[in-house]
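Please open the model in a viewer and keep the sequence panel at hand. The tour below proceeds from the whole chain to single residues.

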Amino acid sequence: RPTPADWHPDGTVLVTGATGSLGALVVRHLVTRYGARHLLLLSRRGPDAEGAGALLAELAELGATAELVACDVASRAALAAVLDRVPADRPVRAVVHLAGVVSDGVLTSLSPEALDAALRPKVDAAVHLHELTRDLTAFVLFSSTAGVLGAAGQANYAAGNAFLDALAAHRRARGLPAVSLAWGAWAQETGMTAALSRVDHDRIRRGGLLPLSAQEGLALFDAALGGGPALVTARVDTSRLTGDVPPVLRGLAPARSARVRPGPTLDLRGMSRRERQSALVDLVRREAAAVLGHAGTTAVGAGRAFGDLGFDSLAAVELRNRLGAATGLRLSATLVFDFPTPTALADHLDTELGAVGPDPVETALRELDRVVAGVLDLGGPARSAAVRRLRHALTNLTDAPGDDLAESPGDDLADASGDDLMSLIDAEFGAISTD
């Protein structure tokens, strides 16, 4: 683990994204824990950022000299100009890259602008820091679990953080210092998470990630600096890891839930049309309430618009996933917007389930099982007559033109005789006596 001496108090520590609440927390920690005395703090707004004056005053009271500069680190020329002004007697010896922007949206809605908004401050800035700094003892990248686990509506942000993890590995392979920390959510609101709603936070918790307190986060920061090159620094609630758990977390999940992907849970067999529609409306209301974090369905009226209930694109995707798991249907990501109330959505599900209908192959196989079981229950002449009928039917099947039974892996049924087929049935269901 790096010691304060490794951060060269006589050198300069460069921090991007320094004026955000998380950046300010880390900067204070660098001063109090690692003895940083000369700080170059970069952010888009610089001294004009909210709380900038108070931060500089606090750092001065702690005995550190800090320069706060408005700099677009994603601009190579702008960063190079700032680095050129660093005094030669205290060159940059450590870099901590926290800067980032979230530009959420489902994958199908991502535009070049949305990609650039998320990738530029993460990827371009990291590359420029990598290329324009030399003789460092620390190069710390603040990544995110979005790049490791994935995150609904954050494909662009996830890609940017995955790049940071790869850049850290690239540097370490070349003997350069680097560690990329894939952070989970912090309880302390940051510029990137301050806009998250209660629904957003509940969604993160349901994925098994609990928010980190400032004390927990800084302790992880200290513990991770000596490891890497890429580490996940997050608080995981293993009891929430159930169902379709991300592969990287399956070693932490309960053994059974980590491996079993649940099948459809909705069973409408034997219901009248009215009963089926009622069951589907109840399903939609129940799953919508779960997405919104409600204990019951009272707030989710059957005729209320999802938009009025507080659904955004990420909540819509989660509801789509839940309904798809319950019904076994492949549903559109725009489902909630195309069918804007629980009643309308339930009617759509009813139509889709009717259009899909039962699998004809599964239906035929179940019927065959039923027939064979019935024959096994017969005795004497009745069983013999039934077996003869089955042999005749199998012979007709093998002789029917256009049938390609031989395509079944490992079986050459097209050339099998009736006796051969009966032997296969005997092997599968037990011998059928012809006495």
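Among the contacts in the protein chain with a separation of 6 or more, 71% are between residues 24 or more positions apart. The model is a predicted one. With the whole chain selected, 17 helices and nine strands can be displayed. Of the 435 residues, 39% are buried. A surface representation covers about 22,200 Å² of accessible area, and carbon and sulfur atoms contribute 53% of that surface.

**The sheet**

Next, select the seven strands of the open sheet, which follow the order E3-E2-E1-E4-E5-E6-E8 with parallel pairing. Its edges are strand E3 (65-70) and strand E8 (230-233), each of which pairs on one side only. From one strand to the next, the twist averages 20°.

Begin at the E3 edge. Strand E2 (residues 38-43) runs parallel to E3 and is joined to it by six bridges. To inspect one register, display Leu41 together with Leu68, its bridge partner in E3.

Move on to E4 (92-97). How many of the six residues of E4 are buried? Five of them are, and the strand is thus mostly covered. On one side, E4 pairs with strand E1 (residues 12-16) in the parallel sense over five bridges; here Leu14 has Val95 of E4 as its bridge partner. E4 is also joined to E5, again in parallel, by four bridges, and Ala94 stands opposite Ala138 in E5.

**The helix across the strands**

Add helix H6 (residues 155-173) to the selection. Which strands does H6 lie across? They are strand E4, strand E5 (138-144), strand E6 (179-183) and E8. Relative to E5, the helix runs at about 155°.

**Ser144**

Now centre the view on Ser144, which is located in strand E5. Is Ser144 buried or exposed? Its relative accessibility is 10%, and because buried means under 20%, Ser144 counts as buried. Leaving aside residues up to four places away in sequence, Ser144 touches Tyr157, Asn161, Leu181, Ala182 and Trp183. Show these five side by side with H6 and E6: the residue range of H6 is 155-173, and that of E6 is 179-183.

**A patch on the surface**

Finally, return to the surface representation and select Val148, Val232 and Val248. These residues form a nonpolar patch, with about 230 Å² of accessible area together. Val248 is found in the loop between strand E9 (235-236) and helix H9 (255-259).

Notes: Residues numbered from 1 in each chain as written. Predicted model: local features only at pLDDT ≥ 70, side-chain atom pairs only at ≥ 80, totals over all residues. Heavy atoms only, no water. Pairing = 2+ DSSP bridges. Helix = DSSP H or I, 4+ residues; strand = E, 2+ residues; numbered from the N terminus. Axes fitted to C-alpha atoms, helices over the stretch in contact; angles between N-to-C directions. Contact = heavy atoms within 4.5 Å. Patch = residues over 30% accessible without salt bridge, like charges linked within 9 Å, V, L, I, M, F, W, Y side chains within 5 Å. Areas by Shrake-Rupley, 256 points an atom, 1.4 Å probe, with all protein chains shown as cover. Salt bridge = Lys/Arg side-chain N within 4 Å of Asp/Glu carboxyl O. Buried < 20%, exposed > 50% of the residue type's maximum accessible area, 1.4 Å probe, protein only.
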